[in-house]
Amino acid sequence: MKISSILVLGLGSVLLLSGCGSTKDKGESTPVSSTEIKVSVTAKSDSSTSKTSSETSSKISSTPSSETKETQSMSQEESIASKGARLNDSQKAQINLAFLDWAGQRAAIGNMAVSDWFFDHGAAGHGDWYANTPDGQVQVQNFDMPGKRAFPIRAIGGCIFYTAKDGGAGKQELYADSFAANYSVKLDKDKPVSKYLLGDNGVVYELKTGNGVPVSTNTGFGEYADDGTQGSYTPDLDFQISEDSAAQEKLQELIRIY
């Protein structure tokens, strides 16, 4: 009987100790589970923040600022001017011809004529010929007096828009028999006349005349003295930057080809 009581008492102790151990294990497992949840939530939050930051950064970098656009525009203009300054005589002739073909189509639409005989001076001295513009003097003909480097801009070519006396439209031959006759034979000076000067800086300059005012091939141009100094034969009229945006775009397009 004593032995039975001892066994029952021993078994009860074992069960009690086992229950306490189980309770202890459960109590310790709770913090671990809680920690794991917190870590999981934190990781998710960090990922979301990282993604949002990445997307914001991407949007900022992909949206050009006004300063960036201005810098790109300035860079493009510098590139056109740089290319223009490197053009040789053959390339200038090709650009001028292409521009004249384009101008001929536009002139025909407006029932006007256009010619490449925008400048000529006949017998003259040995100084360089030039035109005045808001951007400085444009060298129109080089005799190395004072030479290309003395001018901020060199002419690629040019053309003249006018109303033909014979009604011709589009690209026309304006020269008639002799230099002395000049524009008087084919050009109607009582109608608007516009000379276009193509600068190697990518800018089209324009001289508006006619409307009853006499105009000739050397109207708007001056000449340096034979020793390369600023002579007394200065331009009678100054060219202005043309408001013809289509012409400006066309010249820059042609320069970019080279």
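Okay, let's start with the pocket. The residues lining the largest pocket split into 6 nonpolar, 5 polar and 5 charged. Before I go on, keep in mind that this is a predicted model. That pocket holds about 360 Å³ of space. There are 16 residues in the lining, and the ones closest to the centre are Lys 92, Val 140, Gln 141, Ala 155 and Ile 156. As for where the lining comes from, the elements giving two or more residues to it are helix 3, residues 89-109, strand 3, residues 136-141, and strand 4, residues 153-162.

Let me step back to the whole chain for a moment. You've got 4 helices and 9 strands. Reading from the N terminus, the order is α-α-α, then β-β-β-β-β-β-β-β-β, and then α to finish. The chain has 258 residues, and 34% of them count as buried. The accessible surface is about 15500 Å², with 54% of that belonging to carbon and sulfur atoms. And if you take contacts between residues at least 6 apart in sequence, 65% of them join residues at least 24 apart.

Now back to helix 3, since we met it at the pocket. It has 21 residues and reaches 31 Å from its first C-alpha to its last, close to the 30 Å you'd expect at 1.5 Å a residue. Which residues of helix 3 are buried? They are Lys 92, Ile 95, Asn 96, Phe 99, Leu 100, Trp 102, Ala 103, Gly 104 and Ala 107. Notice Lys 92 there, which was also one of the residues closest to the pocket centre. And what do the buried residues of helix 3 pack against? That would be strand 1, residues 113-115, along with strand 4, strand 5, strand 6 and helix 4, the last of these being residues 245-256.

Another name from the pocket centre is Gln 141, and this residue sits in strand 3. Gln 141 counts as partly exposed because its relative accessible area is 26%, which falls between the 20% and 50% cut-offs. Not counting residues up to four places away in sequence, Gln 141 touches Phe 119, His 121, Asp 128 and Trp 129. Take Phe 119: it's 22 residues from Gln 141 along the chain, and their C-alpha atoms are 9.5 Å apart.

Next, the loops, and a bit of backbone geometry. Most residues other than glycine have a negative phi, and most peptide bonds are trans. With that in mind, look at the loop between strand 3 and strand 4, where you'll find Asp 144 and Pro 146. The peptide bond joining Met 145 and Pro 146 is cis, with omega about 10 degrees. Asp 144 has a positive phi, near 60 degrees, and is exposed, at 53% relative accessible area.

There's another aspartate to check, Asp 177, in the loop between strand 5, residues 170-171, and strand 6, residues 192-199. Phi of Asp 177 is positive too, near 70 degrees. Is Asp 177 buried or exposed? Exposed, with a relative accessible area of 75%.

Last one: Thr 163, in the loop between strand 4 and strand 5. This threonine counts as buried, because its relative accessible area is 18% and the cut-off is under 20%. So who's around Thr 163? Leaving aside neighbours within four places in sequence, Thr 163 is in contact with Met 112, Lys 186, Leu 187, Asp 188, Lys 191 and Pro 192. That's my tour, thanks.

How values were computed
Residues numbered from 1 in each chain as written. Predicted model: local features only at pLDDT ≥ 70, side-chain atom pairs only at ≥ 80, totals over all residues. Heavy atoms only, no water. Buried < 20%, exposed > 50% of the residue type's maximum accessible area, 1.4 Å probe, protein only. Contact = heavy atoms within 4.5 Å. Areas by Shrake-Rupley, 256 points an atom, 1.4 Å probe, with all protein chains shown as cover. 1 Å grid on protein atoms, 1.4 Å probe; cavity = no way out; pocket = protein on both sides within 12 Å on 5 of 7 lines; lining within 4 Å. Points joined across faces, edges and corners; volume = space filled by probe spheres on them. Nonpolar A, V, L, I, M, F, W, Y, C, P; charged D, E, K, R; others polar. Expected span 1.5 Å × (residues − 1).
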